[in-house]
Amino acid sequence: MERTGEEKVHHRPVPLPPVQELAAAKGAGDDVPARYVARRAHDDPDATAAAAPVPVIDLGCLCQTTAASGGEESAAGEAARLRSALQSWGLFLVRAYAHRQHYRTPLYSGARRQITHAMSQVTNHGIEASLMDAVMEASREFFRQPLEEKRKHTNLVDGEHFQLEGYGNDRVASEDQVLDWCDRLYLKVEPQEERNLALWPTCLRDVLHEFTKECTRVKDRLLPEMAKLLELDDDYFVNQLGDKADTHARFNYYPPCPRPDLAFGLKPHSDATFISLLMVDNSVGGLQVLRDGVWYDVPARLHTLLINLGDQMEIMSNGIFKSPVHRVVTNAEKERLSVVLFYSVDPEREIQPAGKLIDENHPPLYKKVKVKEYVAGLYEHFSQGKMVIETAKI
Ligand SMILES: O=C(O)CCC(=O)C(=O)O
Ligand SMILES: [Fe+2]
């Protein structure tokens, strides 16, 4: 923390105990330490939020172009639903397969898997349920390990210097920073040659590699559809990401919290990314999104991906698409896990509203920003409970 005058003191940041350890040491009914108190119980009249009617977008239908099957018409309808989702919630869901009936096909499981997989190539996210389950299971396995094991992947270099990658807490920049009731493992997954495999837990290596490949495929299918909605060239967003686009995986672990009325799993924020793909625990809710001053619960469904736009997309679309403010609330009884893939533009690039969206009636609403600086600004602002996107607004 920066201090003024003679009393300037240099002190080392004290590594914080993982929240998981705090939670395990506390008996039911206990309080949370003061540093985790993000709100007063009566601050939030919307504690029991309504479910957000976040639309489920049918990717198969959206990407269909053949007139023969009436495809163009239904694709146009789906595109309109997607546009409305991106302009309002900044969020939407994508199911694994086209229809639930595929699960019910009376076939022995091997044949069913093959058929479902073949269909999943053309419909919806198409990531195998077994792969998604394996990622969740491996994440659970990682956080269940003893602390000494997890600390082998620590985000503190030499026990004190914070780096983004690894296992631990957020960077603690000041003593009055409000902390989140959450431990995380954060790993760079793309560009592939920049992976720091020494930080990758063995239980997660193969599944994370596969899961990243699959999510990247989904992202590459979605971006041209989003560009079309703005009448930009199909490859506009893909090109903006650049060859050195930067992707991180974040595994969030939220232990049960004795005071959900006081502590957040994650404080309100918007993602500084371009686009984020989330796999959230379908058995425990907690993710909420802010719209018009009201917090809504984001529904979680088994094997469904939640697609969340980030600030970089809001900037490039000149505010037409929204990067939603969201937060995670804690649960008194249950632990919760989420796995997020954060897709971000090459950090060395600059971004700004797409030229085609700007004219005399539509002036740019955001400044040109260097991605590396913008993303670094997120952490600084997040720790102070502020929104970095405000710094980019004209
Ligand atoms: O855990 C969740 O549901 C959301 C996580 C999230 O918003 C994030 O990691 O940025
Ligand atoms: Fe987020």
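A residue counts as buried when its relative accessible area is under 20%. In this predicted model, Arg 327 has a relative accessible area of 3% and is therefore buried. Arg 327 is placed in strand β12. The side chain of Arg 327 makes a polar contact of 2.8 Å with the side chain of Gln 288. Strand β12 spans residues 326-329 and is among the strands that each supply at least two residues of the shell around ligand 1.

The iron ion, which is ligand 2, has three residues as its protein donors: His 269 and His 326, each through NE2, and Asp 271 through OD. These donors lie 2.1 to 2.2 Å from the iron ion. Along the chain, the donors follow the spacing H-x1-D-x54-H. Of these donors, His 269 and Asp 271 are both buried.

Two of the iron donors, His 269 and His 326, also have side chains that approach ligand 1. An N or O atom in the side chain of His 269 is 3.1 Å from an oxygen atom of ligand 1. For His 326, the corresponding distance to an oxygen atom of ligand 1 is 3.0 Å. Arg 336 places a polar side-chain atom 2.8 Å from an oxygen atom of ligand 1. On its own, ligand 1 has 290 Å² of accessible area, and the protein covers 97% of it.

The shell around ligand 1 contains 15 residues, of which Asn 252, Tyr 254, His 326, Arg 336 and Ser 338 come nearest. By class, eight residues of this shell are nonpolar, four are polar and three are charged. Five strands each supply at least two residues of the shell: β6 (246-254), β7 (264-269), β8 (275-280), β12 (326-329) and β13 (336-344). The largest share, four residues, comes from β13.

The UniProt record, an unreviewed entry, carries the annotation "domain: Fe2OG dioxygenase" for residues 244-345. Over this range the chain is 47% strand and 6% helix. The C-alpha atoms at the two ends of the range are 8 Å apart.

Definitions and conventions: Residues numbered from 1 in each chain as written. Chains lettered and ligands numbered in written order. Predicted model: local features only at pLDDT ≥ 70, side-chain atom pairs only at ≥ 80, totals over all residues. Heavy atoms only, no water. Near = heavy atom within 4 Å. Polar contact = N/O pair within 3.5 Å; in protein donor to acceptor, adjacent residues only side chain to side chain. Areas by Shrake-Rupley, 256 points an atom, 1.4 Å probe, with all protein chains shown as cover. Nonpolar A, V, L, I, M, F, W, Y, C, P; charged D, E, K, R; others polar. Donors = N, O, S within 2.8 Å, 3.2 Å for Na, K, Ca; no water. Buried < 20%, exposed > 50% of the residue type's maximum accessible area, 1.4 Å probe, protein only. UniProt positions renumbered as here; feature names shortened; annotations may be inferred.
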